[in-house]
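Got your viewer open and a selection box ready? Let's take a walk through this one, stop by stop.

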Amino acid sequence: YEASMVIQSDGKIVVAGSSFNGSNYDFALVRYNTNGSLDLSFDTDGKVTTAIGNSSDFGSSIAIQSDSKIVVAGSSFNGSKYDFALARYNTNGSLDNTFDTDGKVTTAIGNSSDFGYSIAIQSDGKIVVVGSSKNSGSPGRADFALARYNTNGSLDNTFDTDGKVTTPIGSDDD
């Protein structure tokens with residue numbers, strides 16, 4: 001599955017992706033020291049897995065905020081469709097409970113499945129996630145999708161009035 005990595009300002013390497021837990025997939029993070037060894041100060045073993053919802057969750061992209069907190073974007077299956085998913089971690093690997101009270105956010109963009117693929121942090125700290133949103137109309141194609149979040153994990157309603165934008169580009173999947 002997708003995986004993404006960043007280099008922290010101290011040179012440590014953080015990799016995000018997904019890990020199978022025996023019944024479904026969860027967000028997964030691993031942090032390495034500059035010499036390639038696991039950083040045991042990151043959740044005591046260098047590895048963190050996070051269930052976003054009750055089914056499969058796929059981490060696709062990672063970014064580091066200016067305060068060194070780690071934000072991972074991807075998708076979470078809610079039982080009937082996928083939604084954008086985000087998780088924010090403190091530098092020690094624990095979930096940041098100041099981010100939507102539990103460190104995790106899911107967002108339905110459209111009426112069908114939505115997949116978050118890439119993340120960026122703006123200079124003002126706002127978080128932008130880009131991906132695709134499968135529209136429920138015929139022929140049910142996927143359109144470009146963006147969501148912008150405030151630093152506390154809430155949707156930024158100054159971004160297209162509801163924090164979400166979808167854009168069809170061509171006549172088929174975009």
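Start with Asn33, and keep in mind throughout that this is a predicted model. Leave aside the neighbours within four places in sequence, and Asn33 is in contact with Lys12, Leu38 and Asp39. Show those residues as sticks along with Asn33. The residue sits in the loop between strand 3 (25–32) and strand 4 (47–50). Now look for a polar contact: the Asn33 side chain comes to 3.2 Å from the backbone oxygen of Leu38.

Stay in that loop for a moment and select Thr44, which is also found between strand 3 and strand 4. What sign does the phi of Thr44 have? Positive, at about 65°, although Thr44 is not a glycine. As background, most residues other than glycine have a negative phi. Thr44 counts as exposed, with 69% relative accessibility.

For another case, jump to Asp100, in the loop between strand 7 and strand 8 (104–107). Its phi is positive too, at about 55°, and Asp100 is not a glycine either. Asp100 has 37% relative accessibility, so it counts as partly exposed.

**Aromatic stop**

Next, select Phe20, Tyr25, Phe58, Phe77, Tyr82, Phe115 and Tyr117, and colour the rings: together they form one aromatic cluster. Across the whole structure, a search turns up six aromatic pairs. Zoom in on one of them, Tyr82 with Phe115, where the ring centres are 5.1 Å apart and the planes make an angle of 35°, a tilted arrangement. This pair ties together distant parts of the chain, with Tyr82 in strand 7 (residues 82–89) and Phe115 in strand 9 (residues 114–121), 33 residues apart.

Buried or partly exposed: where does Tyr82 fall? It is buried, with a relative accessible area of 18%, and the cut-off for buried is under 20%. Phe115 has a relative accessible area of 25%, so it is classed as partly exposed.

Keep Phe115 selected and add Tyr117. These two make a stacked aromatic pair, 6.4 Å centre to centre with 15° between the planes. Tyr117 is partly exposed as well, at 40% relative accessibility.

**The sheet**

Now switch to cartoon view and select strands 9, 10, 11 and 12. In what order do these four strands lie? They form an open sheet in the order 9-10-11-12, with antiparallel pairing. Strand 9 and strand 12 are the edges, each pairing on one side only. Look across the strands and you should see a twist that averages 20° from one strand to the next.

Work across the sheet one pairing at a time:

- Strand 9 with strand 10: seven bridges, antiparallel. To find the register, pick Ser118, whose bridge partner in strand 10 is Val130.
- The connection between strands 9 and 10: they form a hairpin with five residues between them, and Gly125 in the turn has a positive phi of about 90°.
- Strand 10 (residues 127–134) with strand 11: eight bridges, antiparallel. Select Lys134 here, and its bridge partner in strand 11 is Ala142.
- Strand 11 with strand 12 (residues 164–167): four bridges, again in the antiparallel sense. Ala145 stands opposite Thr166 in strand 12, and Leu146 is opposite Val165 in that strand.

While you have the side chains on, a general point helps with reading them: in a regular strand, side chains alternate between the two faces of the sheet.

Turn on a surface and look at strand 11 (residues 142–149). Why is strand 11 largely enclosed by the rest of the structure? Because six of its eight residues are buried.

**Last stop**

Finish at Asp162, in the loop between strand 11 and strand 12. One of its side-chain polar atoms lies 3.0 Å from the backbone nitrogen of Lys164. Setting aside neighbours within four places in sequence, the contacts of Asp162 are Leu155, Asp156 and Asn157. Then draw a distance between the C-alpha atoms of Asp162 and Arg148: you should get 9.1 Å, for two residues 14 apart along the chain. With a relative accessible area of 32%, Asp162 is partly exposed.

Definitions and conventions:
Residues numbered from 1 in each chain as written. Predicted model: local features only at pLDDT ≥ 70, side-chain atom pairs only at ≥ 80, totals over all residues. Heavy atoms only, no water. Helix = DSSP H or I, 4+ residues; strand = E, 2+ residues; numbered from the N terminus. Polar contact = N/O pair within 3.5 Å; in protein donor to acceptor, adjacent residues only side chain to side chain. Contact = heavy atoms within 4.5 Å. Phe/Tyr/Trp six-rings, centres within 6.5 Å; stacked < 30°, edge-to-face > 60°. Buried < 20%, exposed > 50% of the residue type's maximum accessible area, 1.4 Å probe, protein only. Pairing = 2+ DSSP bridges. Axes fitted to C-alpha atoms, helices over the stretch in contact; angles between N-to-C directions.
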